[in-house]
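Visitor: Hi, I'm new to this one. Can you walk me through it?
Guide: Sure, here it is.

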Amino acid sequence: MRAAVLVFPGSNCDRDMAVALKAAGAEVEMVWHKDADLPLGVDVVAVPGGFSFGDYLRCGAIAAQSPICKALVAHVERGGYALGVCNGFQVLTETGLLPGALMRNAGLKFVCKTIGLEVATSSSAFTEGYSAGDVLSIPVAHHDGNYVADDATLAKLRDQDRVAFHYTENPNGSTADIAGILSENRRVLGMMPHPERAVDAAHGGTDGQALFRTLVGQLENV
Amino acid sequence: MKARVHVMLKNGVLDPQGEAVKHALGTLGFDGVEGVRQGKVIELDLADGTSEATVTEMCEKLLANTVIESYSVELV
């Protein structure tokens, strides 16, 4: 299984993301934002956390216009998989690949802690290794994680079982405690918490491991 | 020519920064501030003849996130 990790000026979780994917068995290539094409044969594109372009204008807004994001959109339109974590989730909403937007935390503070993350659906290549209702310990570290969408979008997410994760205790004011959502074809996941920071005992927890293992395992068999 | 673009959070979208500013004004003793909404102003230096439609397209594609923000364009 081949994965590409996008790198923007200001990305800072790109190498952690690569380590997590490699540990799960993926071949990983780092791809610079100015590249117009993804490496051939890429199965999943990971958009990492960080502060791409200094969060100028809006978090993820400038990154979403970069050449590599045009290739990302084309990859997803072809049915490819994508995972966006934290700033990566913001980039995915700014590209329009996922609905809604991520606003400043309701408490206005940057939150950096390990939170309880409830798996809302196990029906995706990302979450099949968990059971709905499982509560994971996963770190969050963000200033703009307050998920907002209009009522019609929220109803659609709920009715189509596309909320992937809920917070057990909402750290940022996110609507309906939403921490992560799936695209309509369930092949794109955006989430604010950092599963790549919970894949090794030395991280203090390994609850994120199953996400990467399941994703790599599923795509090995395609 | 110049264009000034005003970007505001849509009505109904909670503006936590505006709420914090409102609270701070109250703390300073300014009574009667019933609401604060914070937005941004973007000034563009444009080649003569750039149409308002082009600036609108800039807003739609980049300057505003129309999921949560509204915008207005003023040519000056």
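Visitor: How much area do chain B and chain A bury between them?
Guide: About 1,100 Å². Of that, 69% is on carbon and sulfur atoms. Keep in mind that this is a predicted model.

Visitor: And how many residues are in contact?
Guide: 16 residues of chain B touch 13 residues of chain A.

Visitor: Which side chains meet in a salt bridge there?
Guide: Glu69(B) and Arg58(A), at 3.7 Å from N to O. The rule finds one salt bridge across this interface. It also finds five residue pairs in polar contact, both residues at pLDDT 80 or more.

Visitor: Which elements of chain B give two or more residues to that side?
Guide: Helix 1 (16-27), strand 2 (40-45) and helix 2 (52-63). By class, chain B's side has eleven nonpolar, two polar and three charged residues.

Visitor: Switching to pockets. What volume does the largest pocket have?
Guide: About 470 Å³. It is lined by 23 residues. The closest to its centre are Leu57(A), Arg58(A), Gln17(B), Lys40(B) and Glu69(B). So the salt-bridge pair, Glu69(B) and Arg58(A), turns up again here.

Visitor: What classes are in that lining?
Guide: Ten nonpolar, six polar and seven charged residues.

Visitor: What about the second largest pocket, how much space lies in it?
Guide: About 240 Å³. Its lining has 16 residues. Thr93(A), Glu94(A), Glu60(B), Lys61(B) and Asn65(B) lie nearest its centre.

Visitor: Which element gives the largest share of that lining?
Guide: Helix 2 of chain B, with three residues.

How values were computed. Residues numbered from 1 in each chain as written. Chains lettered and ligands numbered in written order. Predicted model: local features only at pLDDT ≥ 70, side-chain atom pairs only at ≥ 80, totals over all residues. Heavy atoms only, no water. Contact = heavy atoms within 4.5 Å. Buried area = accessible area lost by both parts, 1.4 Å probe. Salt bridge = Lys/Arg side-chain N within 4 Å of Asp/Glu carboxyl O. Polar contact = N/O pair within 3.5 Å; in protein donor to acceptor, adjacent residues only side chain to side chain. Helix = DSSP H or I, 4+ residues; strand = E, 2+ residues; numbered from the N terminus. Nonpolar A, V, L, I, M, F, W, Y, C, P; charged D, E, K, R; others polar. 1 Å grid on protein atoms, 1.4 Å probe; cavity = no way out; pocket = protein on both sides within 12 Å on 5 of 7 lines; lining within 4 Å. Points joined across faces, edges and corners; volume = space filled by probe spheres on them.
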